[in-house]
Amino acid sequence: MFRFKRLTACLLCVLLLCCGCSFVDPLGGESAESFGGSNASSEDAAPESSVPSEDSSVPETESSYPEESEGESSAPDVIELPEDPVDTVVSFVACGDNLIHPSVYYAGMEYYAAANGTKVNYKDWPTNEMDYDFLPIYEHVADTMKNADICFINQETLSGGPGSKIDGYPQFNTPIAVARDLATLGVDIINMAHNHMLDSGNDKLLKYSDPYYKSLGMTPLGYYENEEDTNNIVLYEKEGITFALLTYTYSTNGIECYSETYIPYLNEQLIRRQVGLAHALADVVIVSAHWGYEDSYTQNQEQRNYAELFCELEVDVVIGTHSHCLQPMKWVTNDITGHKMLLTYSLGNFVSGMQNALNVLEGMLSFDVRKSAETGEITIENPMLTPLVLHYTKESADGEKDTGYRNFKIYELKDYTEELVKASGVTWYEKRKGTTTLKGGKFSIENLYKTLQSVIPAEFLPEEYR
């Protein structure tokens with residue numbers, strides 16, 4: 001290739017000499033003066049040969065047309081493209097009725113005593129000044145609660161604070177240590193709107209519990225200073241997604257509130273106004289609904305009516321409470337807009353001193369809230385009900401309201417064993433009463449599964465329970 005270039009250059013040189021033009025050797029030779037010009041002399045004649053000899057060398061580094069070195073390339077700069085936008089996903093867990101009976105108070109005292117080498121004084125009625133540890137009751141579900149981005153619970157028994165008398169059914173006043181331990185477990189949203197919210201005979205429990213829960217880092221639902229305050233929608237933000245949290249109850253057990261405190265009863269006018277405000281402020285609208293008949297696996301007509309209203313108003317999720325047993329869950333679609341609402345009629349209990357088999361079969365609801373990075377669209381995904389069993393044993397009673405039930409602990413159904421069934425206070429209770437409340441008969445692993453599958457559609461259950 002290089003020899004061809006030299007030959008071409010020489011021919012070009014000859015042509016230029018014939019034309020009397022000056023020439024610069026393209027291969028790096030020195031410039032030649034004009035040949036045949038008026039000032040040319042014989043001493044300035046052209047070299048003996050106008051064609052360089054084969055052994056003539058021209059430094060390649062001076063060539064005007066250098067060849068590319070082998071393996072070298074002039075690649076353009078790499079342009080980094082922006083990464084694809086990533087959707088935001090927030091995990092949500094909801095727990096049922098945390099209904100703290102006196103037997104649970106004593107269990108909390110015993111768990112504390114066992115861990116600290118002290119003794120329980122059963123002669124004295126529980127007070128806020130006593131030591132409690134309720135965390136062992138929740139130990140098998142603690143990780144699920146803590147790992148959720150948002151954890152909700154229906155705290156169905158409120159607290160009146162130090163100096164107020166601790167009490168049980170029918171008008172509860174719960175030790176403040178319960179809320180302390182719920183905060184430790186990672187509860188973010190704590191519901192106070194239920195039929196026991198006026199158990200003090202007035203709004204005293206509400207007025208204490210609301211700021212106390214806030215001081216523990218939780219967001220309480222259900223307390224409104226007055227009717228105008230219902231325009232202040234409770235908002236909770238996580239990972240850039242804003243949640244509007246609304247709550248309603250069917251009743252307060254006939255107890256009326258005579259102060260300005262506004263009680264959020266199920267009321268169509270209130271619901272329409274609040275949901276409208278919620279949509280203007282938030283990405284997601286979640287409703288806690290305390291409704292239905294106690295100890296019934298089936299929703300009643302009032303539940304169906306309000307579920308239709310919530311769907312019409314495009315609520316995203318309804319968390320049902322109150323029946324103290326499982327009730328169905330389903331997707332409901334708005335026929336006009338196509339909006340889908342996740343509806344759970346009841347999650348059952350979470351912790352309570354209730355004795356029947358249907359009261360200890362319960363569920364923990366989980367779902368994901370996804371916000372599209374491209375469109376901002378919100379979708380509710382992966383809804384699931386994890387079945388649980390509240391275990392307790394029958395011990396001797398030590399007080400007028402103490403049933404003697406102890407060793408409360410929540411298990412996932414798949415981890416509940418025949419040995420636990422035999423030791424359960426439910427087995428003792430059914431033998432004593434001669435009745436059962438499970439589908440299929442007596443309290444057993446088989447009938448716990450049978451009842452679960454008869455109430456909760458398979459699409460909402462983990463694979464091992466279908």
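**Exercise 1.** Is Thr219 buried or exposed?

*Solution.* This is a predicted model. Step one is to place the residue: Thr219 belongs to strand β4, which covers residues 219-221. Step two is to read its relative accessible area, which is 18%. Step three is to apply the cut-off: a residue counts as buried under 20% relative accessible area. Thr219 is therefore buried.

**Exercise 2.** List the residues in contact with Thr219, leaving aside its neighbours within four places in sequence.

*Solution.* Set aside the neighbours within four places first; Thr219 is then in contact with Asp188, Ile189 and Ile190, and also with Val234 and Tyr236.

**Exercise 3.** Find out why strand β1 (residues 88-98) is described as largely enclosed by the rest of the structure.

*Solution.* Take the eleven residues of β1 and ask how many are buried. The count is eight, so the strand is largely enclosed by the rest of the structure.

**Exercise 4.** For the pairings of β1 with β12, β2 and β11, give the sense, the number of bridges and one pair of opposite residues.

*Solution.* Take the partners one at a time.

- Strand β12 (residues 361-371) pairs with β1 in the antiparallel sense, over seven bridges. Here Ser91 stands opposite Asp368.
- Strand β2 (residues 150-155) pairs with β1 in the parallel sense, over six bridges. Here Phe92 is opposite Ile150.
- Strand β11 (residues 349-351) also pairs with β1 in the parallel sense, over two bridges. Here Asp97 faces Asn349.

**Exercise 5.** Name the residues that form a nonpolar patch with Leu281, then classify Leu281 by its accessibility.

*Solution.* The other members of this surface patch are Leu235 and Leu277, and the three leucines have about 230 Å² of accessible area together. Leu281 itself is found in helix α6, residues 268-281. Its relative accessible area is 46%. Partly exposed is the class between the limits of 20% and 50%. Leu281 is therefore partly exposed.

**Exercise 6.** Classify Ala114 in the same way, and give the separation of its C-alpha atom from that of Asp133.

*Solution.* Ala114 lies in helix α2, which covers residues 102-116. Its relative accessible area is 66%. The cut-off for exposed is over 50%, so Ala114 is exposed. For the second part, Ala114 and Asp133 are 19 residues apart along the chain, and their C-alpha atoms are separated by 9.7 Å.

Definitions and conventions
Residues numbered from 1 in each chain as written. Predicted model: local features only at pLDDT ≥ 70, side-chain atom pairs only at ≥ 80, totals over all residues. Heavy atoms only, no water. Helix = DSSP H or I, 4+ residues; strand = E, 2+ residues; numbered from the N terminus. Buried < 20%, exposed > 50% of the residue type's maximum accessible area, 1.4 Å probe, protein only. Contact = heavy atoms within 4.5 Å. Pairing = 2+ DSSP bridges. Patch = residues over 30% accessible without salt bridge, like charges linked within 9 Å, V, L, I, M, F, W, Y side chains within 5 Å. Areas by Shrake-Rupley, 256 points an atom, 1.4 Å probe, with all protein chains shown as cover. Salt bridge = Lys/Arg side-chain N within 4 Å of Asp/Glu carboxyl O.
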